[in-house]
Amino acid sequence: LPPAPGGPSLFTPPQACSLTFDEKGLVTKYTIGVVMDRQVGNTGGLGGLYGILYAIGRPLPFPEAQPWQMSKRYRLFQGVGSLVGALAGRK
């Protein structure tokens, strides 16, 4: 069911689209909803339909339709990179 009038508002982040062409110049792929800044809007950083559904409180029930969260492995990788960068800057 759609949300009631006066319900949630939708503020989307900036999004981009892209086209891929073949050798004949025909479009072979059209990509939409690529979020450029996840921090903007109320869609949890999601683009396209996923972001709209998230913003109105009706997200789809699979991980790709949920806001991005940094994994423990990625957080560790980022931490090691920061540490190495800091140590390299001491020279």
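**Exercise 1. What percentage of the 91 residues of the protein count as buried?**

Solution. The model is a predicted one, in which local features need pLDDT of at least 70 and side-chain atom pairs count only at pLDDT 80 or more, while totals for chains, interfaces and linings use all residues. Residues are numbered from 1 along each chain as its sequence is written, and side-chain values use heavy atoms, with hydrogens and water left out.

Step 1. Buried means under 20% relative accessible area, exposed over 50%, and partly exposed in between, with a 1.4 Å probe and protein chains only.
Step 2. By this criterion, 10% of the 91 residues are buried.

**Exercise 2. State the order of the secondary structure elements and assess the overall extension of the protein.**

Solution.
Step 1. Helices (H or I, at least four residues) and strands (E, at least two) are DSSP runs, numbered from the N terminus.
Step 2. The protein has two helices and two strands, arranged β-β-α-α from the N terminus on.
Step 3. The radius of gyration, taken over C-alpha atoms, is 19 Å, well over the 12 Å from the globule rule for 91 residues, so the protein is more spread out than a compact globule. The globule rule is 2.2 Å times the number of residues to the power 0.38.
Step 4. The C-alpha trace spans about 60 × 45 × 20 Å along its principal axes.

**Exercise 3. Describe the pairing of β1 with β2.**

Solution.
Step 1. Two strands pair if DSSP finds at least two bridges between them.
Step 2. Strand β1 (residues 15-21) and strand β2 (residues 27-35) run antiparallel and are joined by six bridges. Ser18 stands opposite Thr31 in β2.
Step 3. The two strands form a hairpin with five residues between them, and Gly25 in the turn has a positive phi of about 85°.

**Exercise 4. Explain why Thr43 counts as buried, and characterise its surroundings.**

Solution.
Step 1. Thr43 lies in the loop between β2 and α1 (48-55).
Step 2. Thr43 counts as buried because its relative accessible area is 1%.
Step 3. Contact means heavy atoms within 4.5 Å. Apart from neighbours within four places in sequence, Thr43 is in contact with Leu10, Phe11, Thr12, Pro13, Gly51, Tyr54 and Ala55.
Step 4. The side chain of Thr43 also reaches the backbone oxygen of Leu46 at 2.8 Å.
Step 5. In α1, the buried residues are Gly51, Leu53 and Ala55. Gly57, with a positive phi near 85°, follows α1.

Terms used. A polar contact is a pair of N or O atoms within 3.5 Å; within protein, one must be able to donate a hydrogen and the other to accept it, and residues adjacent in sequence count only if both atoms are side-chain atoms.
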